[in-house]
Amino acid sequence: LTKKGFDHSFSVGKRYHSPIIQIIHEDASDFHGAAVVGKKVYKKAVDRNRLRRRLYGVLYRYNKTHSLQGTFILVAKPALKEVSKKEFTQKVEDAVRQVP
């Protein structure tokens with residue numbers, strides 16, 4: 001996902017909310033994914049990058065089984081760091097399922 005494409009999807013995309021994550025979705029013929037973890041979630045870059053990699057992993061594994069289409073931007077909320085590792089995948093997948 002390019003910077004230009006990211007900015008366009010971020011401004012035009014439809015937003016879906018859950019208690020732990022916000023998903024911005026824009027329809028397209030192919031799949032693109034991005035994850036955003038702000039400093040309000042974790043102060044240290046190491047922690048933000050770890051959470052971002054985990055979000056990417058869940059999103060791309062879900063895409064392999066369900067063939068998603070469009071641009072998906074996952075924006076982490078501060079409540080996401082309270083979720084246990086066991087529940088993390090399930091809760092993120094539940095949030096992605098909200099998108100029609």
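**Figure 1. Order of the helices and strands along the chain.** Read from the N terminus, the elements of this predicted model follow the pattern α-β-β-β-α-β-α. In total, the chain contains three helices and four strands. The C-alpha trace extends over about 35 × 30 × 20 Å along the principal axes of the chain. A compact globule of 100 residues would have a radius of gyration near 13 Å, and the value for this chain is 13 Å, so the two agree.

**Figure 2. The four-stranded sheet.** The four strands form an open sheet in the order β1-β2-β4-β3, and their pairing is mixed. At the edges lie β1, residues 14–17, and β3, residues 31–36, each of which pairs on one side only. Neighbouring strands of the sheet are turned by 20 degrees against each other on average, with direction ignored. In general, the strands of a sheet pair through backbone hydrogen bonds, in either a parallel or an antiparallel manner.

**Figure 3. The hairpin of β1 and β2.** Strands β1 and β2 form a hairpin, with three residues between them. Strand β2 comprises residues 21–26, and its pairing with β1 is antiparallel, over four bridges. Within this pairing, Lys14 stands opposite His25 in β2.

**Figure 4. The parallel pair β3 and β4.** Strand β4 comprises residues 70–76; it runs parallel to β3 and is joined to that strand by six bridges. One position to locate in this view is Gly33, which stands opposite Phe72 in β4. Together with α2, the strands β3 and β4 make a β-α-β unit, and this unit is left-handed.

**Figure 5. The largest pocket and its lining.** The volume of the largest pocket is about 160 Å³. Its lining consists of Tyr42, Asp47, Arg50, Leu51, Arg54, Leu80, Lys81, Val83, Lys85 and Phe88. Classed by residue type, the lining of the largest pocket holds five nonpolar and five charged residues, with no polar residues.

**Figure 6. Helices at the largest pocket.** Two helices, α2 (residues 45–66) and α3 (residues 85–97), each supply at least two residues of the lining of the largest pocket. Helix α2 gives the most to this lining, with four residues. Among the lining residues to identify in this view are Asp47, Arg50, Leu51 and Arg54, as well as Lys85 and Phe88. Helix α2 also belongs to the left-handed β-α-β unit with β3 and β4.

Technical notes
Residues are numbered from 1 along each chain as its sequence is written. This is a predicted model: local features need pLDDT of at least 70, side-chain atom pairs count only at pLDDT 80 or more; totals for chains, interfaces and linings use all residues. Side-chain values use heavy atoms; hydrogens and water are left out. Two strands pair if DSSP finds at least two bridges between them. Axes are lines fitted to C-alpha atoms, for helices over the stretch in contact, and angles run from 0 to 180 degrees between N-to-C directions. On a 1 Å grid over the protein atoms alone, a cavity is a set of points where a 1.4 Å probe fits but cannot get out, and a pocket is an open set with protein on both sides within 12 Å along at least five of seven lines; lining residues have an atom within 4 Å of a point. Grid points are joined across faces, edges and corners, and a volume is the space filled by probe spheres set on the points. Ala, Val, Leu, Ile, Met, Phe, Trp, Tyr, Cys and Pro count as nonpolar, Asp, Glu, Lys and Arg as charged, and the others, Gly among them, as polar. A crossover is right-handed if, with the strands pointing away from the viewer, the path from the first strand over the helix to the second runs clockwise. The radius of gyration is taken over C-alpha atoms; the globule rule is 2.2 Å times the number of residues to the power 0.38.
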